[in-house]
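Trainee: Got a minute to go through a model with me? I'd like to talk about strands and cysteines.

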Amino acid sequence: EAGSDYTTTAGTLVIPAEALSGTVTVPILLDAESESPEQFQLQLTDAGDSAIADDTGICTIQDVYPDYHVAVDGDDDGLGTLADPFATIKHARDTLAGIYADAVEPAGGITVWLRGGRYVLTDSIVFAGDHAGTTTAPITYQAYPGEEVRLTGGTRLQDAWFSLVTNTDPVWSRLDAPAQGQVYQVDLDANGITDFGTLKRRGFGKDTPVSALELIADGEPQQLARWPNPDVFAAIDTVDSATQFTYTGTRPERWTSAEEPWTHGYWYQMWADEHLPIAGIDTTAQTITVGGEHNYGLKAAQPYYVYNLLEEIDTPGEWYLNRGTGVLYYWPTAALDNAELEVSMVETPLIQLTSTSHLRFADLTLECTRGELARIDDGNNNQCQRCTFRNNGTNAAVVSGTANGLNACTISQPGA
């Protein structure tokens with residue numbers, strides 16, 4: 001309102017011949033109350049010696065606060081206040097970018113308080129140079145005191161989607177005897193989850209690819225079904241060639257219907273492991289053929305295990321995904337209606353900083369991606385403080401630049 005929010009002003013705007021724009025200064029009065037953006041008209045009349053026509057423009061007064069708020073049930077059309085929070089971190093980021101671009105940031109900087117809850121991300125929140133704070137006015141994204149904030153790249157599975165595998169199901173006979181009557185199935189494809197990722201060769205001397213879809217239950221990664229079970233290995237019997245070895249025992253006879261078996265081993269040196277696809281199993285000759293040569297070849301008595309097998313779900317917490325049908329099989333560790341189950345989906349970092357500065361992230365949990373959780377490339381004075389990084393497919397965080405880093409953070413169950 002004129003007189004309370006701004007001073008009515010009239011004058012002459014002179015735009016030099018070589019210029020393409022001009023500036024009009026309208027005094028804005030001190031406004032002590034948080035209000036929605038307000039608008040007023042700027043009228044241009046009696047334009048002379050110019051191709052500019054008489055017209056009316058709309059100007060906006062936007063309040064600037066030292067604190068903004070985001071909540072999972074917020075609204076990006078809101079004010080960003082405690083009572084009227086934004087819904088997304090991206091909108092808060094863009095709002096602050098406009099404030100800093102106009103050089104009206106408050107002394108001491110701005111804190112974006114994230115209210116408690118689970119923020120589901122489908123891609124990276126990218127912070128570039130135009131999202132930076134300054135030396136005297138840094139920007140902080142922090143969990144609201146006493147509340148848990150989780151940024152996740154996963155999709156939650158509903159317990160109603162699951163059904164128990166029974167003796168009428170085609171896969172019943174493939175289940176290990178202890179697992180029969182314990183394993184549940186869920187059709188991911190029928191519930192809108194169609195990107196399963198791909199199992200890839202990885203290990204010593206290899207690039208670190210993003211992982212395939214993984215299953216997390218109540219904050220703990222579940223075991224992709226394997227033989228032998230964790231902490232136990234089989235051993236190569238004899239070596240036939242660079243890609244084939246013999247085994248002992250009869251367990252592989254159960255895997256003749258396996259869709260996509262893989263193996264992980266320390267094939268020649270105990271410091272050089274690799275994940276390899278299995279190209280063939282000959283139960284008569286008792287040989288396993290792998291789909292590629294390890295850097296150092298194969299050696300008798302070296303340890304390995306085989307995984308991604310429906311037939312090897314034999315303990316609670318093990319699971320298997322048939323990528324051809326989209327059906328996931330799982331022996332739950334607790335009643336499904338009391339469990340939080342989610343599958344990793346996002347392949348890029350949840351937080352990506354590129355050539356930016358003076359940003360701080362505090363007291364946040366980042367989780368459930370197929371790749372990294374956070375990445376800081378170049379820039380300076382960017383920090384993650386007291387954050388938790390957990391349950392992801394590759395490195396928890398990758399940091400470069402000057403005075404960037406992690407401080408007092410917890411890292412749990414990264415994939416690399």
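Mentor: Sure, we'll take the sheet and then the cysteines.
Mentor: Keep in mind that this is a predicted model: local features need pLDDT of at least 70, side-chain atom pairs count only at pLDDT 80 or more, and totals for chains, interfaces and linings use all residues. Residues are numbered from 1 along each chain as its sequence is written, and side-chain values use heavy atoms, with hydrogens and water left out.

Trainee: Okay, in what order do the five strands of the open sheet run?
Mentor: The order is β5-β8-β29-β32-β35, with parallel pairing. Strands here are DSSP runs of E, at least two residues, numbered from the N terminus, and two of them pair if DSSP finds at least two bridges between them.

Trainee: Which strands stand at the edges?
Mentor: β5 (117–120) and β35 (410–412); each has a single partner strand, so one side of each lacks a neighbour in the sheet.

Trainee: And how many bridges link β32 and β35?
Mentor: Three, in the parallel sense, with β32 covering residues 388–392. R390 sits opposite S412 of β35.

Trainee: Switching topic: how many disulfides turn up?
Mentor: Zero in the whole structure, taking a disulfide as a pair of cysteine sulfur atoms within 2.5 Å.

Trainee: Why is there no bond between C387 and C409?
Mentor: Their sulfurs are 4.8 Å apart, which is too far for a bond.

Trainee: Is C387 buried or exposed?
Mentor: Buried, at a relative accessible area of 1%. The cut-offs are under 20% for buried and over 50% for exposed, with partly exposed in between (1.4 Å probe, protein chains only).

Trainee: What about C368?
Mentor: C368 also counts as buried, at 1% relative accessibility.

Definitions and conventions
Helices (H or I, at least four residues) and strands (E, at least two) are DSSP runs, numbered from the N terminus.
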